[in-house]
Amino acid sequence: MRNIPKNKLLIAVLISVAVVAFFLIIRAGGSGYSGVRIGYTSREGRSSWSASYRSLDGKMWKYIHPEGGMLHIRVETKSGTVSVRVEDKEGNVIFEEQDIGAETGTEAFDVEVTGRVEVRIEAAQHSGSFDISSEP
């Protein structure tokens with residue numbers, strides 16, 4: 001005779017552990033997005049994040065662990081709008097710029113940071129690229 005209740009309990013425990021592990025990984029150094037990305041290519045590292053695309057519409061985020069105390073942000077706009085927001089570990093906004101490149105062009109910013117930060121990007125039919133790194 002099989003012991004089905006023990007198997008169901010084991011499966012429930014394994015699923016719970018997997019879900020908790022997934023959220024811990026995301027919180028520790030993950031990234032995510034909701035929206036539409038067309039022609040999107042990116043490079044992501046522990047201390048950097050860059051992408052270029054034909055069209056970006058929506059929200060994206062990534063945890064970055066800068067080396068040193070500076071984060072360099074460069075955004076190129078061919079069309080559309082994009083905003084960048086940087087928050088520290090406690091959720092305090094340490095940098096925010098909206099409608100970057102609204103006049104079409106490239107803008108660069110240097111942001112002093114301490115420890116891990118969360119970078120949030122919000123775009124509306126933006127065509128262009130961004131580069132966020134602790135290297136100039």
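Let me begin with a single interaction: the side chains of Arg-120 and Glu-118 are joined by a polar contact of 3.2 Å. The structure on the screen is a predicted model, and every value I shall quote was computed from that model.

I stay with Arg-120 for a moment. This residue sits in strand S7. Is Arg-120 buried or exposed? With a relative accessible area of 37%, Arg-120 falls between the two limits of 20% and 50%, and it is therefore classed as partly exposed. Leaving aside residues up to four places away in sequence, Arg-120 touches Met-60, Trp-61, Ser-83, Val-84, Arg-85 and Glu-87. One of these pairs illustrates the fold well. Arg-120 and Ser-83 are separated by 37 residues in sequence, yet their C-alpha atoms are 8.1 Å apart in space.

Arg-120 also brings us to the pocket, since it is among the residues that line the largest one. The volume of that pocket is about 190 Å³. Which residues form the lining? They are Lys-59, Met-60, Trp-61, Ser-83, Val-84, Arg-85, Glu-96, Glu-97, Gln-98, Arg-120, Ile-121 and Glu-122. By class, six of the lining residues are charged, four are nonpolar and two are polar. Four strands each contribute at least two residues to the lining: S3 (48-64), S4 (70-87), S5 (93-97) and S7 (117-133).

Let me now step back to the chain as a whole. How many helices and strands does the chain contain? There are seven strands and one helix, and the order from the N terminus is α-β-β-β-β-β-β-β. The chain has 136 residues, of which 35% count as buried. Its accessible surface amounts to about 8,500 Å², and carbon and sulfur atoms hold 53% of that area. Among contacts with a separation of 6 or more, 68% are between residues 24 or more positions apart.

Next, a charged residue in a covered position. Lys-62 is located in strand S3. Its relative accessibility is 4%, which is under the 20% limit, so Lys-62 counts as buried. Where does its side chain reach? The side chain of Lys-62 comes to 3.3 Å from the backbone oxygen of Gly-45.

I turn to backbone geometry. Most residues other than glycine have a negative phi. Two residues here call for comment in that respect. Asp-99 has a positive phi, near 50°, and it is placed in the loop between S5 and strand S6 (105-112). Gln-125 likewise has a positive phi near 50°, but Gln-125 belongs to strand S7. As to accessibility, Asp-99 is partly exposed at 43%, whereas Gln-125 is exposed at 60%.

My last example is a pair of glycines. Gly-35 lies in strand S1, residues 31-38, and is partly exposed, with a relative accessible area of 46%. Which residues does Gly-35 touch, beyond those up to four places away in sequence? They are Asp-57 and Gly-58. The C-alpha atoms of Gly-35 and Gly-58 are 4.1 Å apart, although 23 residues separate the two in sequence.

To close, I return to the opening residue. Arg-120 has a polar contact with Glu-118 through the side chains, and Arg-120 also takes part in lining the largest pocket. Thank you for your attention.

Terms used
Residues are numbered from 1 along each chain as its sequence is written. This is a predicted model: local features need pLDDT of at least 70, side-chain atom pairs count only at pLDDT 80 or more; totals for chains, interfaces and linings use all residues. Side-chain values use heavy atoms; hydrogens and water are left out. On a 1 Å grid over the protein atoms alone, a cavity is a set of points where a 1.4 Å probe fits but cannot get out, and a pocket is an open set with protein on both sides within 12 Å along at least five of seven lines; lining residues have an atom within 4 Å of a point. Grid points are joined across faces, edges and corners, and a volume is the space filled by probe spheres set on the points. Ala, Val, Leu, Ile, Met, Phe, Trp, Tyr, Cys and Pro count as nonpolar, Asp, Glu, Lys and Arg as charged, and the others, Gly among them, as polar. Buried means under 20% relative accessible area, exposed over 50%, partly exposed in between (1.4 Å probe, protein chains only). Contact means heavy atoms within 4.5 Å. Accessible areas come from the Shrake-Rupley method with a 1.4 Å probe; for residues, only the protein chains shown count as cover. A polar contact is a pair of N or O atoms within 3.5 Å; within protein, one must be able to donate a hydrogen and the other to accept it, and residues adjacent in sequence count only if both atoms are side-chain atoms.
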